[in-house]
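Hi there,

Here is the structure I promised to pass along. Have a look at it first, and my notes on its aromatic residues follow below.

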Amino acid sequence: MATRGWDPADSEVEEEDEDETSSPSPSALPSPSSPLPYFDRDRHVAFLEMMYNLIPHYYQSQEINRLTLAFFTISGLHLLQALDRVDKDRVANWVLSFQAHPQSKAELKNGQFYGFHGSRTSQFPPDENGLSPYNAGHLASTYCALAILKTVGYNLLTIDKESILISMRNLQQPDGSFMPLHVGAETDLRFVYCAAAVCFMLEDWSGMDREKAKEYILNCQSYDGGFGLSPGSESHGGGTYCAVASLRLMGYIEDDLLSKNASSSIINVPLLLDWSMQRQATDGGFQGRANKASDTCYAFWIGAVLRILGGYKFIDKIALRSFLLTCQSEFGGFSKYPEMQPDIYHSYYGCTAFSLLEEPGLNPLCAELGMTDLAALGII
């Protein structure tokens with residue numbers, strides 16, 4: 001990807017980049033033993049607690065995504081009902097230190113985004129004149145920052161949301177899409193979702209033109225019912241989630257559409273349901289696109305879409321659970337594919353998938369925000 005930070009469709013990028021010569025990710029290494037036959041909550045807690053205390057060396061190349069890794073780890077522990085392993089005040093202060101701040105209100109119109117940085121690496125010191133011309137935030141990192149703060153119980157009403165929201169409008173393009181930062185970045189549904197989630201969590205929609213964003217999303221629905229990341233592109237799981245979750249957060253579609261008059265919806269619900277159901281493969285797992293291998297994370301991306309639509313009851317839950325268990329490591333955590341080494345990204349979405357499956361010992365999931373219902377509601 002050209003820009004750094006968490007993106008709901010990053011898993012698609014992983015698939016396309018697997019032939020690169022960079023160091024292998026942990027999930028690309030074969031696992032030495034057979035998978036466990038049950039969901040081992042305690043091992044997953046131990047795995048994420050380890051990541052909370054010390055990230056392994058092979059995540060060095062992801063240092064600029066540190067807030068993203070922290071979100072997966074801390075929200076994952078909350079899903080596992082183990083948030084007591086986290087120093088909430090310390091985490092909140094650490095996250096707040098990543099916000100970019102303008103020197104004056106006049107700077108809010110200079111085109112930069114005063115959200116959150118992904119890590120210290122992208123926080124540039126002021127020049128000799130005391131100015132930081134490139135010290136702007138990233139939209140995906142801002143989503144992660146606010147999600148972490150909600151998870152640890154921080155009151156978002158006390159945050160400098162004016163700087164975030166006013167400057168975030170600078171990122172919205174004439175067609176309704178969003179760039180993740182103010183220069184040199186792509187525009188697609190990932191960042192529309194991040195913008196919608198930011199506005200929803202801050203309880204203020206002044207940061208975006210919802211009507212324009214809605215039209216952009218609708219233009220991304222393909223002939224087969226799924227959504228591509230941009231108009232005319234191939235349907236896949238990450239883009240479809242971003243589209244459906246964004247429309248739900250913005251209030252343009254109702255929850256459980258299938259129990260209502262779907263013909264009056266602004267999206268083609270029957271085609272979308274059909275496309276989503278076809279993503280469950282013969283091995284029980286979900287694929288992100290047609291003719292792709294099943295991947296742990298799509299049990300969330302597609303599963304959450306079906307949950308929002310009211311169609312989750314139609315999937316083969318037993319087969320899905322069996323597939324996910326083949327991706328569960330004996331060391332805790334989940335891998336991308338069966339019997340591989342676990343990584344933070346797929347470990348988090350493995351846990352969210354089991355939450356959707358109502359596994360005992362897990363907190364319920366807010367499908368639209370990708371975090372626990374308790375965090376979404378501010379009940380910590």
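Which Phe, Tyr and Trp residues form one aromatic cluster? In this predicted model, the cluster is made up of Phe-71, Phe-72, Tyr-143, Tyr-193, Tyr-241, Phe-300, Trp-301, Tyr-345, Tyr-348 and Tyr-349.

Stepping back to the whole structure, a search finds 20 aromatic pairs. Trp-94 and Phe-98 make one of them, with an edge-to-face arrangement: the ring centres are 4.9 Å apart and the planes meet at 90°. The two partners sit in different surroundings: Phe-98 counts as buried because its relative accessibility is 0%, while Trp-94, at 29%, counts as partly exposed.

Tyr-241 and Phe-300, both members of the cluster above, also pair up. Their rings are tilted, with 50° between the planes and 5.1 Å from centre to centre. Tyr-241 belongs to helix 9 (residues 237-249) and Phe-300 to helix 11 (residues 298-309), so this pair ties together parts that lie 59 residues apart in sequence. Tyr-241 is buried, with a relative accessible area of 1%, and Phe-300 is buried too, at 1% relative accessibility.

Finally, you may like to look at two places where a charge meets a ring. Arg-279 has its charged end over the ring of Trp-275, 4.9 Å from the ring centre. Likewise, the charged end of Arg-307 sits over the ring of Tyr-312, at 5.2 Å from its centre.

Happy browsing, and best wishes!

Note on methods. Residues numbered from 1 in each chain as written. Predicted model: local features only at pLDDT ≥ 70, side-chain atom pairs only at ≥ 80, totals over all residues. Heavy atoms only, no water. Phe/Tyr/Trp six-rings, centres within 6.5 Å; stacked < 30°, edge-to-face > 60°. Buried < 20%, exposed > 50% of the residue type's maximum accessible area, 1.4 Å probe, protein only. Helix = DSSP H or I, 4+ residues; strand = E, 2+ residues; numbered from the N terminus. Lys NZ or Arg CZ within 6 Å of the ring centre and 35° of its normal.
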